[in-house]
Amino acid sequence: MLAIPINPEQLEAELRFWQYVLRLRDWIITVEISADLDDGDLGETFYDGAERRAAIRLCPFMKGQEIRETNPLGRDYNMQEVLVHELLHLVLADVATEDNMQWIERVIDTIAPLLASARYWFDTQANSIDIKTIEGSHG
């Protein structure tokens, strides 16, 4: 989970990590924190799929701040999850249409928190895992 407040270098590093993981290496992507988002938006992405260029803007809410009025999921703001959510729009850009946008959002809303949680778990727990024990349990 991204510590907040986050500096531009941390945000850029996080973008590059997820860009690599989500296989968006052929995209030119910029990310910035902006308070100038539409009401209720935690992030937004503007992209040109043909040019493989995108600009992502993320809301500057502080971790733990009450945002139930603007967050339809009613959860605390997780900048990493929102970044992953916006990047998943690029992953699915080639199949997204006006007709399936509701389905695309459901898929992204399901996958983004799972990926962000997996990253958090791996960052905090991976060093304490004994691989030999895991491998032995499958034998």
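Residues here count as partly exposed when their relative accessible area falls between the two cut-offs, buried being under 20% and exposed over 50%. Glu 12, at 31% relative accessibility, is therefore partly exposed. The model is a predicted one, and what follows starts with its sheet before turning to charged pairs and a couple of buried side chains.

The sheet is open and has three strands, in the order E1-E3-E2, with mixed pairing. Strand E1 (28–33) and strand E2 (43–48) sit at the edges, each pairing on one side only. On average, neighbouring strands of this sheet are turned by 10° against each other, direction ignored. In general, the strands of a sheet pair through backbone hydrogen bonds, either parallel or antiparallel. For E2 and strand E3 (residues 53–58), the sense is antiparallel, and the pairing runs over six bridges. Within this part of the sheet, Thr 45 stands opposite Ile 56 in E3.

Two helices pack on the sheet. Helix H1 (residues 8–21) touches E1 and E3, and the direction of H1 makes about 140° with that of E1. Helix H2 touches E1, E2 and E3, and the direction of H2 makes about 155° with that of E3.

Now for the charges. Side chains of opposite charge can pair when their charged atoms come close. The count of salt bridges comes to five. One of them sits in helix H1, where Arg 16 and Glu 12 lie four residues apart, about one turn of the helix. The closest N and O atoms of Arg 16 and Glu 12 are 2.4 Å apart. Arg 16 has a relative accessible area of 35%, which means that Arg 16 is partly exposed, and Glu 12, as noted at the start, is partly exposed too.

Arg 52 has a busier time of it, forming salt bridges with Asp 26 and with Asp 94. In the pair with Asp 26, the closest N and O atoms are 3.4 Å apart. This pair links distant parts of the chain: Arg 52 is in the loop between E2 and E3, and Asp 26 is in the loop between H1 and E1, 26 residues apart. In the pair with Asp 94, the N to O distance is 3.3 Å. Here, too, distant parts of the chain are linked, since Asp 94 lies in the loop between H2 and helix H3 (101–125), 42 residues from Arg 52. Taken together, Asp 26, Arg 52 and Asp 94 are linked in a network of salt bridges. As for solvent, Arg 52 has 23% relative accessibility, so Arg 52 counts as partly exposed. Asp 26 is at 47% and therefore also counts as partly exposed, whereas Asp 94, at 59%, counts as exposed.

Helix H2 (residues 79–91) also carries two buried residues worth a look. Gln 80 lies in this helix and counts as buried because its relative accessible area is 2%. The side chain of Gln 80 makes a polar contact with the side chain of Glu 14, at 2.3 Å. His 89 lies in H2 as well, and at 14% relative accessibility His 89 is under the cut-off and so counts as buried. Leaving out residues up to four places away in sequence, His 89 touches Ile 104, Glu 105 and Ile 108.

Methods. Residues are numbered from 1 along each chain as its sequence is written. This is a predicted model: local features need pLDDT of at least 70, side-chain atom pairs count only at pLDDT 80 or more; totals for chains, interfaces and linings use all residues. Side-chain values use heavy atoms; hydrogens and water are left out. Buried means under 20% relative accessible area, exposed over 50%, partly exposed in between (1.4 Å probe, protein chains only). A polar contact is a pair of N or O atoms within 3.5 Å; within protein, one must be able to donate a hydrogen and the other to accept it, and residues adjacent in sequence count only if both atoms are side-chain atoms. Contact means heavy atoms within 4.5 Å. Two strands pair if DSSP finds at least two bridges between them. Axes are lines fitted to C-alpha atoms, for helices over the stretch in contact, and angles run from 0 to 180 degrees between N-to-C directions. A salt bridge is a side-chain nitrogen of Lys or Arg within 4 Å of a carboxyl oxygen of Asp or Glu.
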